[in-house]
Amino acid sequence: MNKFNGIEKSGKYVSATLGKNSTSGLDLGFSNNGEKTDVALNVSTENSEGFSATNSRAGEFSYNPDLDGYSKKNVNASVSHQISDKTKAGVSFFYSDNNADFDQGESDLKVQTINTFVSSKISDKWSTKLS
């Protein structure tokens, strides 16, 4: 698999992947850590036509010489803000859509999560986080 990493400047990046079996991917994003607010975003995709992993000697019920490819798409985003010297709050989001082919069918999986948090430093030795 060949990977090209380009444009890594001030929290921004792009990465491209090319490989066998018509495999390709793209990953891009940015992050910014401000004085009080942090922001990050990542978007990625990867696809492959796949290959046939079966064997003709496997028998008529399991032999399927098709290409077993896959695709995946992901998004990650987060924002946090320093509310005061001792308190920080934030939210993050994750979405993933994955599809994989195999000889007896396919698998399709979608995942989506949202997380929020508030953290506070109560003393020099004690901090708490609610998420």
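This passage describes strand pairing and selected residue environments in a predicted model.

The pairing of strands is considered at the outset, with strand E5 as the point of reference. Strand E4, which covers residues 37–51, pairs with strand E5, which covers residues 68–82, and the two run in the antiparallel sense over 13 bridges. Within this pairing, Ser48 has Tyr70 of E5 as its bridge partner. Strand E5 is also joined by 13 bridges to strand E6, which spans residues 87–102, and this arrangement is likewise antiparallel. Here the bridge partner of Asn74 is Ser96, a residue of E6, and the connection from E5 to E6 is a hairpin that passes through four residues.

The loop between strand E2 (12–19) and E3 contains Asn21, and Ser22 is placed in the loop between E2 and E3 as well. Asn21 has a phi angle near 60 degrees, which is a positive value in a residue other than glycine, and for Ser22, also a residue other than glycine, phi is positive and near 55 degrees. With a relative accessible area of 37%, Asn21 is partly exposed, and Ser22, for which the corresponding value is 45%, is partly exposed too.

Thr23 belongs to strand E3, which comprises residues 23–33. Its relative accessibility is 7%, and because buried means under 20%, Thr23 counts as buried. A polar atom of the Thr23 side chain lies 2.6 Å from the backbone oxygen of Lys20, while the side chain of Thr23 also makes a polar contact, at 2.8 Å, with the side chain of Ser48. Ser48 is thus named in two relationships, since its bridge partner in E5 is Tyr70 and its side chain is in polar contact with that of Thr23.

A further position examined is Thr113, which lies in strand E7 (residues 105–121). This residue has a relative accessibility of 40% and therefore counts as partly exposed, the limits of that class being 20% and 50%. Although Thr113 and Phe93 are 20 residues apart along the chain, their C-alpha atoms are separated by 5.8 Å. When neighbours within four places in sequence are left aside, the residues in contact with Thr113 are Ser92, Phe93 and Phe94.

Aromatic rings were examined last. A pair of aromatic rings is described by the distance of the centres and the angle of the planes. In this structure, zero aromatic pairs are found. The ring of Phe117 nevertheless has a charged residue over its face, as Lys129 lies there at 4.8 Å from the ring centre.

Methods
Residues numbered from 1 in each chain as written. Predicted model: local features only at pLDDT ≥ 70, side-chain atom pairs only at ≥ 80, totals over all residues. Heavy atoms only, no water. Pairing = 2+ DSSP bridges. Buried < 20%, exposed > 50% of the residue type's maximum accessible area, 1.4 Å probe, protein only. Polar contact = N/O pair within 3.5 Å; in protein donor to acceptor, adjacent residues only side chain to side chain. Contact = heavy atoms within 4.5 Å. Phe/Tyr/Trp six-rings, centres within 6.5 Å; stacked < 30°, edge-to-face > 60°. Lys NZ or Arg CZ within 6 Å of the ring centre and 35° of its normal.
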